[in-house]
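Subject: Handover of a structure and the findings from it

Dear colleague,

Please find below the structure that I am handing over to you. My account of what was found in it follows directly after.

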Amino acid sequence: MNIIDKYIPREYLALKINYCRRLLEQLPKAKIHERMLDGSPRQRIIVGKHRYSLNSLPGKDLYAKMKLREQVERELAVYEAIWNLYFRDQIPELEPMKTVRTLYTGSNTPVIMNKAYFDSLKNDANANYPKPVFYPFNGTYYRSEAERSIAVFYTNMGIPFKYEPEVMLAGLRKPFYPDFVPYFKEIDSCKFHEHFGIMSSSDYIRDSKIKFGNFTNAGLLQDLDFYFTYNSGDTALDTRFLLAKINAMIFGSMTCCTEKTAH
């Protein structure tokens with residue numbers, strides 16, 4: 001990760017920093033201790049005055065939390081370095097918190113768009129149309145260079161996403177396959193992202209209108225629950241456009257859809 005080339009909008013970056021800091025306050029400080037027993041090295045995990053075998057259930061749980069803590073510490077170091085590079089002033093106290101947004105499925109059942117919903121979606125589920133083999137990334141083939149660049153963007157930003165998952169929406173008889181469903185852990189919410197290329201084509205413009213109607217019929221709001229990006233066939237997608245969308249959408253969610261409890 002090249003810090004100089006990595007830019008995150010001020011508000012979203014502050015939220016990421018505070019999310020990491022809050023998570024580190026909750027994660028235990030564990031370490032591995034190795035000792036010799038009957039001539040063989042044995043490892044234990046230590047938290048405070050407590051020691052557990054790595055093969056025990058508490059030991060396995062603490063080991064997973066120790067590795068998560070190491071990952072979060074690395075992320076925080078990068079985010080703070082970016083902040084100091086671009087902004088340098090005091091980091092705003094933007095508290096990570098849960099947002100509650102719902103969609104209506106084919107049975108008109110409301111579903112909260114949280115991590116449980118995100119985890120239930122199957123990645124790369126659309127087998128209705130064959131995909132070209134020219135745009136691979138991380139074992140998935142994308143339908144265009146723009147879609148591939150979006151996948152790279154989400155990956156580099158540490159934002160989990162599902163590509164063309166099967167989604168049921170109220171008002172539709174068949175499953176719907178949005179281009180991307182990213183999950184934002186800082187607010188425990190996922191969103192729908194549709195990308196349109198060749199916007200000079202009347203078919204694409206008509207398709208964007210249909211998808212807008214599909215989302216709104218399911219109780220979703222533009223730039224709060226779903227967002228569109230665009231590029232023409234002869235110009236690359238500028239990911240700063242996507243960052244601006246995400247930054248505004250996250251804080252729109254935090255303004256009008258938050259729970260009282262924070263992470």
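In which loop is Y177 found? Y177 sits in the loop between strand 9 (161-163) and strand 10. Please bear in mind throughout that this is a predicted model.

Y177 counts as buried, because its relative accessibility is 16% and the limit for that class is under 20%. Not counting residues up to four places away in sequence, Y177 touches A125, N126, N128, E164, P165, E166 and E194. Y177 and V167 are ten residues apart along the chain, and their C-alpha atoms are separated by 6.0 Å.

Overall picture

The protein chain contains six helices and 14 strands. Its C-alpha trace spans about 75 × 45 × 40 Å along the principal axes. The chain has 263 residues, of which 42% count as buried. Among the contacts in the protein chain with a separation of 6 or more, 61% are accounted for by residues 24 or more positions apart.

As to the surface, the protein chain exposes about 14400 Å², and carbon and sulfur atoms supply 53% of that area. There are 36 positive and 30 negative side chains in the protein chain. The centres of these two sets lie 6 Å apart.

The largest pocket

The volume of the largest pocket is about 850 Å³. Its lining is made up of 31 residues, and those closest to the centre are R143, E164, D179, D207 and K211. Three elements give two or more residues to this lining, namely helix 4 (145-156), strand 12 (192-197) and helix 5 (202-217). Helix 5 contributes the largest share, with five residues. E164, named above among the residues closest to the pocket centre, is also one of the residues that Y177 touches.

Two residues with positive phi

Two loop residues deserve a separate paragraph. N138 is not a glycine, yet its phi is positive, near 50°. This residue is found in the loop between strand 7 (136-137) and strand 8 (140-141). D188, likewise not a glycine, has a positive phi of about 50°, and its place is in the loop between strand 10 (180-184) and strand 11 (189-190).

Which of the opposite words, buried or exposed, applies to N138? N138 counts as exposed, because its relative accessibility is 63% and the exposed class begins over 50%. D188, in contrast, counts as buried, because its relative accessibility is 11%.

Individual residues in the helices and loops

K16 lies in helix 1 (residues 10-26). Since its relative accessibility is 1%, K16 counts as buried. Leaving aside neighbours within four places in sequence, K16 is in contact with I8, Y79, M157 and E186.

E73 is part of helix 2 (residues 57-86). What class does its accessibility give it? E73 counts as partly exposed, because its relative accessibility of 37% falls in between the limits of 20% and 50%. In sequence, E73 and L24 are 49 residues apart, while in space they are 7.7 Å apart, C-alpha to C-alpha.

L237 is found in the loop between strand 13 (226-231) and helix 6 (239-256). With a relative accessibility of 12%, L237 counts as buried. Its contacts, leaving aside neighbours within four places in sequence, are A146, S149, I150, H195, T229, Y230 and N231. L237 and R35 are 202 residues apart along the chain, and 54 Å separates their C-alpha atoms.

R240 lies in helix 6. This residue counts as exposed, because its relative accessibility is 60%. R240 and P9 are 231 residues apart along the chain, and their C-alpha atoms are separated by 9.0 Å.

For a reading of the structure, I would suggest beginning with the largest pocket and the residues closest to its centre, among them R143 and K211. Y177 and its contacts, including E164 and E194, may then be viewed, followed by the loops that hold N138 and D188.

With kind regards

Key
Residues numbered from 1 in each chain as written. Predicted model: local features only at pLDDT ≥ 70, side-chain atom pairs only at ≥ 80, totals over all residues. Heavy atoms only, no water. Helix = DSSP H or I, 4+ residues; strand = E, 2+ residues; numbered from the N terminus. Buried < 20%, exposed > 50% of the residue type's maximum accessible area, 1.4 Å probe, protein only. Contact = heavy atoms within 4.5 Å. Areas by Shrake-Rupley, 256 points an atom, 1.4 Å probe, with all protein chains shown as cover. Lys, Arg positive; Asp, Glu negative; His and termini not counted. Charge placed at Lys NZ, Arg CZ, Asp CG, Glu CD. 1 Å grid on protein atoms, 1.4 Å probe; cavity = no way out; pocket = protein on both sides within 12 Å on 5 of 7 lines; lining within 4 Å. Points joined across faces, edges and corners; volume = space filled by probe spheres on them.
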